[in-house]
Amino acid sequence: MRLLRLNGSQTSNTFRMDSVPYNYEDFTWVPSLSYRLCGYEILDTGRTRRHILMRIYHLICVGSHVFSVLFMIYRIIEWDSIGNDVALIIRYATLVTYVINSDTKYGTSQQKDAFKRLNSKLSALFPKSTQARIDHRVNEFYWPRPLLMLIVVYFGSSAMVVLGPLLQSGYIYLMENRFPFMHCYPYYIFDPQQDPLWYYFVIYVLEWLHSTLMVISNMSTDLWLVCFEVQICMHFDYMARSLESYQPHWTRDFADRKFISDLVDTHVQLLDLQDDLNGIFGGSLLLSLLTTSGVFCTVAVYTQLQGLNLEGITYVVFMMTATSQVYLVCYYGELVRILSTNITHAAYNHNWSDATPAYKKLLLIIITRAQRPAELSAMGYLPVSLDIFKQVMSVTYRVFALIRQMIE
């Protein structure tokens, strides 16, 4: 898969005519599969036995998550188990911020009807014939391999954050012949001298299910956003290319007006679809951008305090993949803005001089509407773009430097 460059132009490699274009379901399988890892299906497919079992598993994950969050709040209020341990305070700050971020995205995913409506509209707009898919360059907009690898690394590093303490305990047992019963989250306290062994097993199961829901919600909701945004980008790109290459003439007035009126209708549809997308994801985008700096800073400080061990390495990998996740969303926010703006350039560049006045009036409508580019917006407050990503990283570094200075 080849990503478009940010100027919206075609990549250097030409599209292979003998390749089989993807269909719409090929785009949605990635976020669908991602959410199924915690038993959740946004696009319900029926009431089969498998669906019922997945729903039960999902409810168990939700129950474990709710119990763990309440227990975390209890430990914070109690404070006795935290004391004046700076590293532990920073770790709690990281967990609280990440919980808020993940739960907001999980709440976004509960808008099933809105997801289904947007999915249905984009599916209806997707090119049906093979030639139409080739013309739309469907394969160029398909999930790129680096992104798929990022998803795998993100889930892998997140799993290692939970499994790391168990692996460390196993290593210590092999080296020193003692099992320290380490686990991930500090709000569960296990004393091997007093507590039964099954209690440690229960703690680990709760931590795994709790972490599963948070990690999957955090990534999968963004994958649905990217899936929908890619479709809108694809249609904007096709619209700009077809408009620029079209050659109107007054002798073909009816066909010309049919072409331009269909283009006007499609443009209106795309702008409405972008508004629908912003309505679904705007709240989680805003809170995600606000909390991302906090998560990065606390993880960075905690990693620096812990030093270079297995836990520190897994946190570093996790932080890198989380940064890439934010960049991914901002990249597609930038891409939709540029591709929607390219429609104006296409309208100016294509040969409209031989067209009739009626055609030119419809063309003017497109130019006027395209002056305001489509934007991925966080509730209308922040247009999500690469500039926002740079600002988030800048704020993150400043806050990290401040926290480190305060600790020292």
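This briefing describes one bent helix and the aromatic pairs of the structure. The model is predicted. It holds 31 aromatic pairs, and two of them are described below, together with one aromatic cluster.

**Helix H6**

- Helix H6 covers residues 145-176 and bends by about 50 degrees at Leu163.
- A proline, Pro165, follows the bend within four residues.
- After H6 comes Asn177, which has a positive phi, near 60 degrees.

**The pair Tyr35 and Tyr40**

- Among the 31 aromatic pairs is the one formed by Tyr35 and Tyr40, which is edge-to-face.
- The centres of these two rings are 5.2 Å apart, with 75 degrees between the planes.
- Tyr35 counts as buried because its relative accessibility is 1%.
- Tyr40 is also buried, with a relative accessible area of 6%.

**The pair Phe190 and Tyr200**

- The ring centres of Phe190 and Tyr200 lie 5.4 Å apart and their planes stand at 50 degrees, so this pair is tilted.
- The pair links distant parts of the chain, 10 residues apart: Phe190 belongs to the loop between H6 and helix H7 (197-245), whereas Tyr200 belongs to helix H7.
- Phe190 has a relative accessibility of 11% and therefore counts as buried.
- Tyr200, at 7% relative accessibility, counts as buried as well.

**The aromatic cluster**

- Phe190 and Tyr200 are both members of one aromatic cluster.
- The cluster also includes Tyr173, Phe179, Phe181, Trp198, Tyr199 and Tyr204.

Note on methods:
Residues are numbered from 1 along each chain as its sequence is written. This is a predicted model: local features need pLDDT of at least 70, side-chain atom pairs count only at pLDDT 80 or more; totals for chains, interfaces and linings use all residues. Side-chain values use heavy atoms; hydrogens and water are left out. The bend at a residue is the angle between axes fitted to the seven residues ending there and the seven starting there. Helices (H or I, at least four residues) and strands (E, at least two) are DSSP runs, numbered from the N terminus. Rings of Phe, Tyr and Trp (its six-membered ring) pair if their centres lie within 6.5 Å; planes under 30 degrees apart count as stacked, over 60 as edge-to-face and the rest as tilted. Buried means under 20% relative accessible area, exposed over 50%, partly exposed in between (1.4 Å probe, protein chains only).
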